[in-house]
Amino acid sequence: MEKFTTLHSSAIPLDIENIDTDQIIPARFLKATDKQGFGDNAFRDWRFDKEGNPNKDFVLNDPKFSGSILVAGDNFGCGSSREHAAWALVGYGFKVIVSSFFADIFKGNALNNGLLPVQVSPPFLKQLLDLIQAKPDTQITVDLENQTIFVAPTDLKESFDIDPYKKTCMINGYDDIDYLLSKKKEIEQFEAAL
């Protein structure tokens, strides 16, 4: 995984609640077991019509919005527990998802794949969505070390929680195996002491 400390980016506002994993990556695309290519089909049924033409009314197809942060409505990632949803979002280019609530399994899958779920309060989320809609080039800063998300030069700022282990992994670019390997010396010392 890539190391993650601080991200400065514009954002894409997806003001829809209860976005489930089948909307993020439809089930018909789950045949592959390799992470490659899933980004092409992220939000496929919303991004394209039945003939495969881009849906000009869907925010990911609106050229005024861009960035590696997706700001979504409440209860993001609900539904079935498919890791492919995190693969699709990362493959599309997102590094951070902001919502006021994440489904637990989605949250774990996101963190395991280098995608930071930033859970904020409902009032903060509404203000952020309104700001991005009004000013699409708004720059958001996500500071993982200090666990804050803010928009300068405004006073819009909030802290977020993250599991300390997952925070360590993201800052260092570790997956679970990399983390264990980083402790190899301590493990060897412990075994030698036995």
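This is a chat about the pocket, the aromatic rings and the backbone of one predicted model.

Reader: Before we start, what should I know about the model and its numbering?
Author: The model is predicted, so local features need pLDDT of at least 70 and side-chain atom pairs count only at pLDDT 80 or more, while totals for chains, interfaces and linings use all residues. Residues are numbered from 1 along each chain as its sequence is written, and side-chain values use heavy atoms, with hydrogens and water left out.

Reader: OK, how much space lies in the largest pocket?
Author: The largest pocket holds about 460 Å³, where a pocket is an open set of points on a 1 Å grid over the protein atoms alone, where a 1.4 Å probe fits, with protein on both sides within 12 Å along at least five of seven lines. The volume is the space filled by probe spheres set on the points, which are joined across faces, edges and corners.

Reader: And which residues are closest to its centre?
Author: They are Glu2, Val90, Phe94, Asn113 and Gly114, out of 24 that line the pocket, lining residues being those with an atom within 4 Å of a point.

Reader: Which helix gives the most to that lining?
Author: That is α3, with 3 residues, and α3 spans 84–92; helices here are DSSP runs of H or I with at least four residues, strands are E runs of at least two, and both are numbered from the N terminus.

Reader: Switching to rings, how are Tyr92 and Phe94 arranged?
Author: Among the 10 aromatic pairs of the structure, Tyr92 and Phe94 form a stacked one, with 5.3 Å centre to centre and 25° between the planes. Rings of Phe, Tyr and Trp (its six-membered ring) pair if their centres lie within 6.5 Å, and planes under 30 degrees apart count as stacked, over 60 as edge-to-face and the rest as tilted.

Reader: Are those two buried or exposed?
Author: Phe94 is buried at 3% relative accessibility, whereas Tyr92 is partly exposed at 28%; buried means under 20% relative accessible area, exposed over 50% and partly exposed in between, with a 1.4 Å probe and protein chains only.

Reader: What about Phe43, where is it found?
Author: Phe43 lies in the loop between α1 (21–24) and α2 (44–47), has a positive phi of about 55° although it is not a glycine, and is linked by ring pairs with Trp46 and Phe58 into a cluster.

Reader: Last one, which peptide bond is cis?
Author: The bond from Ala152 to Pro153 is cis, with omega near 5°, and Pro153 lies in the loop between β7 (148–151) and β8 (156–159).
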